[in-house]
Amino acid sequence: MALKKRWLCVAISAGVLCGCSIAELTPAVVNPPTVTPRPTATPRPTATPVPRDTGWQAIAPGVEYRELKIEQGDRSDRLRIARIDPAQNRFRVLYQPDRPRRVSEWLSESGALVAVNGNFFDPQNHALGLLIQDGQRRDGVVYQGFGGMFAVSGDDVRVRWNVQEPYHDEPLTYALQNFPMLVLPGGAPNLEIDDNGRVSLRTAVGQDRSGRVVFVVSPAPAFTLTEFGQWLAASDLDLDIALNLDGGTSSGLLLRSGNQNLGIDSWVRVPNVIVGEAR
């Protein structure tokens with residue numbers, strides 16, 4: 001019995017010693033350090049360069065839009081230009097002296113495709129030159145011997161020179177008169193403009209040799225009136241005639257293109273505009 005106890009104690013002692021020895025000889029498991037990758041730099045998006053000349057962009061049947069950067073001496077500007085075929089679109093003159101609006105508001109509220117500011121007006125927002133709306137003479141005096149007229153008679157749309165074709169109370173659907181002529185019939189620039197050498201924002205309505213109506217807005221003070229007429233006559237717009245419209249802070253030309261507008265808005269509210277819309 002005593003012998004058995006001694007053997008049991010020896011066995012237990014050996015087991016304990018064996019256990020301690022194994023534990024000490026087993027290497028510890030060491031996890032490798034976690035390497036955090038450096039963040040990859042996201043390249044900045046490259047700005048799409050704005051072309052010097054966008055060329056004509058079709059906005060709707062018979063309606064085209066173009067932007068063109070120009071230099072005039074030490075001045076530069078980005079012109080906004082619209083070209084509209086009267087065979088596919090009709091024109092109206094809208095006038096509301098008691099509720100002038102910016103060109104963008106006229107475009108939105110009229111539902112038209114194109115809107116451009118109209119003729120000169122006084123501090124009470126009354127048109128200075130003749131203005132006809134819906135066949136009725138609304139306001140303004142008839143310019144005789146100077147200036148010109150944007151005239152709509154039914155489906156016929158024309159830009160006229162008052163010296164060559166004065167207004168004689170003929171029935172017109174829409175019309176407005178302004179001055180001076182920038183390009184005389186035949187495409188020659190008007191060199192007899194008294195502009196005092198002042199530069200300003202400009203708006204013009206013209207007609208090319210194909211009969212299309214062309215609106216041009218210079219939204220920066222880049223041209224005198226004489227320079228504006230010279231540029232228009234020498235441009236690739238192929239203009240046969242062009243009339244100056246109200247300029248300065250009134251200048252604005254906008255075209256509806258899907259859910260956005262193209263062009264440039266007037267700085268101030270104007271009492272009348274010319275709009276173009278699909279027939």
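**Exercises on strands and helices in a predicted model**

Strand β11 (residues 181-184) and strand β15 (residues 239-244) are paired in the antiparallel sense over 2 bridges. Two strands count as paired if DSSP finds at least two bridges between them, and strands (E, at least two residues) and helices (H or I, at least four) are DSSP runs numbered from the N terminus. The model is predicted, so local features need pLDDT of at least 70 and side-chain atom pairs count only at pLDDT 80 or more, while totals for chains, interfaces and linings use all residues. Residues are numbered from 1 along each chain as its sequence is written, and side-chain values use heavy atoms, with hydrogens and water left out.

**Exercise 1.** Determine which residues stand opposite each other around β11, and describe its hairpin.

Solution.
1. Towards β15, Met181 stands opposite Leu243.
2. β11 is also joined by 2 bridges to strand β12 (residues 188-189), and these two strands run antiparallel.
3. In β12, Pro189 is the bridge partner of Val183.
4. The hairpin of β11 and β12 has 3 residues between the strands, and Gly186 takes a positive phi near 105° there.

**Exercise 2.** Establish the strand order of the open sheet that contains β10, and explain what is particular about its edges.

Solution.
1. The open sheet has 5 strands in the order β7-β6-β10-β8-β9, with antiparallel pairing.
2. β7 (136-139) and β9 (156-161) stand at the edges; each has a single partner strand, so one side of each is left without a neighbour in the sheet.
3. From one strand to the next, the twist averages 20°; axes are lines fitted to C-alpha atoms (for helices, over the stretch in contact), and angles run from 0 to 180 degrees between N-to-C directions.
4. Within this order, β6 (residues 131-133) and β10 (residues 174-178) pair over 2 bridges, and Leu131 has Leu176 in β10 as its bridge partner.

**Exercise 3.** Identify the buried residues of helices α2 and α3, where buried means under 20% relative accessible area (exposed is over 50%, partly exposed in between; 1.4 Å probe, protein chains only).

Solution.
1. In α2 (residues 103-110), the buried residues are Val103, Trp106 and Leu107.
2. Seen down the axis of α2, these residues fall within an arc of 100°, so they line one face of the helix; the arc is that of the directions from the helix axis to the C-beta atoms.
3. They pack against β4 (89-95), β5 (114-117), β16 (253-257), β17 (260-264) and β18 (272-278), contact meaning heavy atoms within 4.5 Å.
4. Helix α3 (residues 225-234) is mostly covered, with 7 of its 10 residues buried, among them Phe228 and Trp231.
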